[in-house]
Amino acid sequence: MRQKRTQIRDHRAESALFFRRALVSFIGIVVLVGILLTNLYHIQIQEHEDYQTRSNDNRIKIVPVAPNRGLIYDRNGILLAENRPVYSLEITSEKVPDRQDTFDRLKDLMGVTDEQIERFERERRRTRRFKSVPILNQLTEEQVALFSVNQHRFPGVEVKAYLKRHYPYGEALTHVLGYVAKINDRDIQRLEREEKINNYKATRDIGKLGVERYYEDMLHGTSGYQEVEVNSRGRIIRTLKYVPPIPGNDIKLNIDIELQLYVQELLTERKLDPDTGEELIKRRRGSVIVMDPRDSSVLAMVSSPSYDPNLFVHGISGAKYRDLLNDKNRPLVNRVTLGIYPPASTIKPMIAVAALSEGVITTRTTRNDPGYWRIPNSNSRPFRDWLRWGHGKVNIYKAIEESVDTFFYQIAYDMGIDRLSDWMSRFGFGEYTGIDIHEESKANMPTREWKQARFRQPWYQGDTIPVGIGQGYWTATPLQIAKATTVLVNQGRVQAPHLLKDIIADDVERPAVYDDFPPIDNVDPKYWEVAKQGMYQVLYGPRGTARRPFYGTEYKAGGKSGSAQVFGLAEDQEYNAEELEEHLRDHALFTAFAPFDKPEIVVSMVLENAGGGSSNGGPVARRIFDHMLLKPEKPDPLVEIVDKKIAEVSQ
């Protein structure tokens, strides 16, 4: 068999092939390395800042720091709203092995309720797991001590300290100061709309009512922040930078707390329980506002009954809140600014100015009052005067002094609703007063357009007549009556009632500045004096409706009483308060100023279902004037109660 010839290897060809392959591989490696280096250059050099920022975003977090809320003082520097350290029991869900077991043991040890657990769960679901959520607020010292000795049994549960708002005078100032409470979803939506949400990232509470809400921006301050380094689970490792928050400004109000408490006591009935000997306290339903007409500053603003605002600061229970909502005495309502009542005869001096200015009457106009008035040339039912047999011959001075209804029925008929509503709106009726709290009602100054829109009916001539004595469709708030009285006292100068007196920033007090409303001009000065003289005779005239409460005063004052009907009487029906249930009796209204020549005080009030304004409101106004203008010869028991309260709070 023939053998196959073995070929001789071509080393040169193999060498060339290897060289070509090696060269291609080398070039490929160089290209790939070049691409890698180019990419590294792009990432490390060109995109360095971008990736550094991304890295820092993962590693460095900005943690906002809440500012301390500004304090609130009265006009004499007495603290009305402070920040107190409080302790809360908080749970960090990430650190708790068995939440339900922890809840069960906390119930036994700390008395945690199911409602508090439900509230905790709601808050936990919208909070990061590594952040603590409170389950029990406002711990007492005993509770803090009790938990501290048992803390080793509760991993992930700890006691934390915070500054919380506290109102030392409680219900006495609720409707002035309002309160702060936990920020809710509605607050967050509002802050987002106003582009303020970033300043509240670390804040738990926000002003809800009163001064706390109106001056929220001023009191809240500016949040600080700290840059912290965190691990992959979001826990803080160390702090890199700290920028302190700027505390809110302190403010000083025009409120005089001593006067506020004194007025509150005037609306309080105290008696001893015959069985237990304990003091029983009952707050009368009503409201009183005291102002300085020289600048319209509010010295006292009392709405009774009230409630303790501290309940809302720490989170009121559902049961307690329902009790307040269902209370027939409506403690949640600020009666000074939201209470709506017929202004009754308190507006007769203002209508007198309007009638004199319009030429409807003169200072020499006299009319006979037989005790009733009827629309001319009509068979309509008569409009009765409060004095059944009438007042006889009446001019404008006597009409105000004796509160003659028939005289003002005729004025209303002659002026008509258009001129009446226009003039009274200039006094502030049917409009916001401009006071620096948000909780306020316009009430209603009726017009033709209002009735058409409200009832789809035209305005009838008979609708105008009761408006002339502050009844009918006309309603007002006690604050509007007080403002109108200051306008009268100041002869047409219109100012907004205001609570803020000074802003304290960097230990420097800067007075608050307010703009006046358009004045009531083109009024002869003597017409203002006619109205004021009529109010003087109400208190000191021989037949003044409030002459008895003001008999023998060492100063001179002017005032006007009113009795607002709660329900209408039939044509032949007589009003008898003793036969009526309390809630159907007339409201007692009273507005007054003193001293007469240079007024420094305006007092206006509505005492619900109290009866006649002169007999019930007059004595309250007299005591306020005496308290503010005189040095009592003998101790006033109410002053002793007030002084005791202030001393207790100051301790």
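# Strands, helices and cis prolines in a predicted model

User: Let's start with strand 11 and strand 12: how do they pair, and over how many bridges?

Analyst: Strand 11 (residues 268-272) and strand 12 (residues 279-283) are paired in the antiparallel sense over five bridges. Please keep in mind that this is a predicted model. Within this pair, Arg 270 has Ile 281 of strand 12 as its bridge partner.

User: And what about the hairpin, which residue there takes a positive phi?

Analyst: That is Gly 277, with a positive phi near 80 degrees, in a hairpin that has six residues between strand 11 and strand 12.

User: Does a non-glycine do something like that? Which residue, and where is it found?

Analyst: Gln 491 has a positive phi of about 55 degrees although it is not a glycine, and its place is the loop that runs between helix 19 and strand 19 (500-505).

User: OK, on to the five-stranded sheet. What is the strand order?

Analyst: The order is 14-13-23-22-21, in an open sheet with antiparallel pairing. Strand 14 (297-304) and strand 21 (558-564) are the edge strands, and each has a single partner strand, so one side of each is left without a neighbour in the sheet. On average, and with direction ignored, neighbouring strands of this sheet are turned by 5 degrees against each other.

User: What holds strands together in a sheet, in general?

Analyst: Strands of a sheet pair through backbone hydrogen bonds, and the pairing can be either parallel or antiparallel.

User: Zoom in on strand 13 and strand 23, then. How many bridges, and what stands opposite Ile 289?

Analyst: Strand 13 (residues 286-292) pairs with strand 23 (residues 601-607) over six bridges, in the antiparallel sense, and the residue opposite Ile 289 is Ser 604 in strand 23.

User: Which strands does helix 19 touch?

Analyst: Helix 19 (residues 478-489) packs on the sheet and touches strand 13, strand 22 (587-594) and strand 23, with a direction that makes about 150 degrees with that of strand 23. There is also helix 10 (residues 257-266), which lies across strand 13 and strand 14 and runs at about 30 degrees to strand 14.

User: What is the angle between helix 10 and helix 21?

Analyst: The axes of helix 10 and helix 21 (residues 613-629) cross at roughly 150 degrees and come within 11 Å. Because angles over 145 degrees count as roughly antiparallel, helix 10 is roughly antiparallel to helix 21. The crossing of helix 10 past helix 21 is right-handed.

User: Which residues meet there, and what's the breakdown by class?

Analyst: From helix 10 there are Glu 258, Leu 259, Tyr 262, Val 263 and Leu 266, and they meet Val 620, Arg 623, Ile 624, His 627 and Met 628 in helix 21. By class, this contact of helix 10 with helix 21 has seven nonpolar, one polar and two charged residues.

User: Now helix 20. How does helix 14 pack on it?

Analyst: Helix 14 (residues 348-358) packs with helix 20 (residues 525-540) at an angle of about 150 degrees, and their axes are 9 Å apart, which means that helix 14 is roughly antiparallel to helix 20. Helix 14 contributes Pro 349, Val 353, Leu 356 and Ser 357 to the contact, while helix 20 contributes Tyr 527, Trp 528, Val 530, Ala 531 and Met 535. Sorted by class, the contact of helix 14 with helix 20 has eight nonpolar, one polar and no charged residues.

User: And how about helix 19 against helix 20, what angle there?

Analyst: Helix 19 and helix 20 pack at about 120 degrees, with their axes 9 Å apart, so helix 19 is oblique to helix 20. The contact is made by Val 487, Leu 488 and Val 489 of helix 19 together with Trp 528, Ala 531, Lys 532 and Met 535 of helix 20. It has six nonpolar, no polar and one charged residues.

User: Switching topic: where are the cis prolines I should look at?

Analyst: One cis peptide bond runs from Ser 304 to Pro 305, with omega near 0 degrees, and Pro 305 is in the loop between strand 14 and helix 11 (310-313). Another cis bond runs from Ala 594 to Pro 595, with omega near -15 degrees, and Pro 595 is in the loop between strand 22 and strand 23.

User: Last one: which residues does the "transmembrane region" annotation cover?

Analyst: According to the unreviewed UniProt entry, the "transmembrane region" covers residues 21-41. In the model that span is 100% helix and 0% strand, and its end C-alpha atoms lie 30 Å apart.

How values were computed:
Residues are numbered from 1 along each chain as its sequence is written. This is a predicted model: local features need pLDDT of at least 70, side-chain atom pairs count only at pLDDT 80 or more; totals for chains, interfaces and linings use all residues. Side-chain values use heavy atoms; hydrogens and water are left out. Axes are lines fitted to C-alpha atoms, for helices over the stretch in contact, and angles run from 0 to 180 degrees between N-to-C directions. Helices (H or I, at least four residues) and strands (E, at least two) are DSSP runs, numbered from the N terminus. Angles under 35 degrees count as roughly parallel, over 145 as roughly antiparallel, 65 to 115 as roughly perpendicular and the rest as oblique. Contact means heavy atoms within 4.5 Å. Ala, Val, Leu, Ile, Met, Phe, Trp, Tyr, Cys and Pro count as nonpolar, Asp, Glu, Lys and Arg as charged, and the others, Gly among them, as polar. Two strands pair if DSSP finds at least two bridges between them. UniProt positions are given in the numbering used here, feature names are shortened, and annotations may be inferred rather than shown by experiment. A crossing is left-handed if the near helix is turned anticlockwise from the far one by less than a right angle, and right-handed if clockwise.
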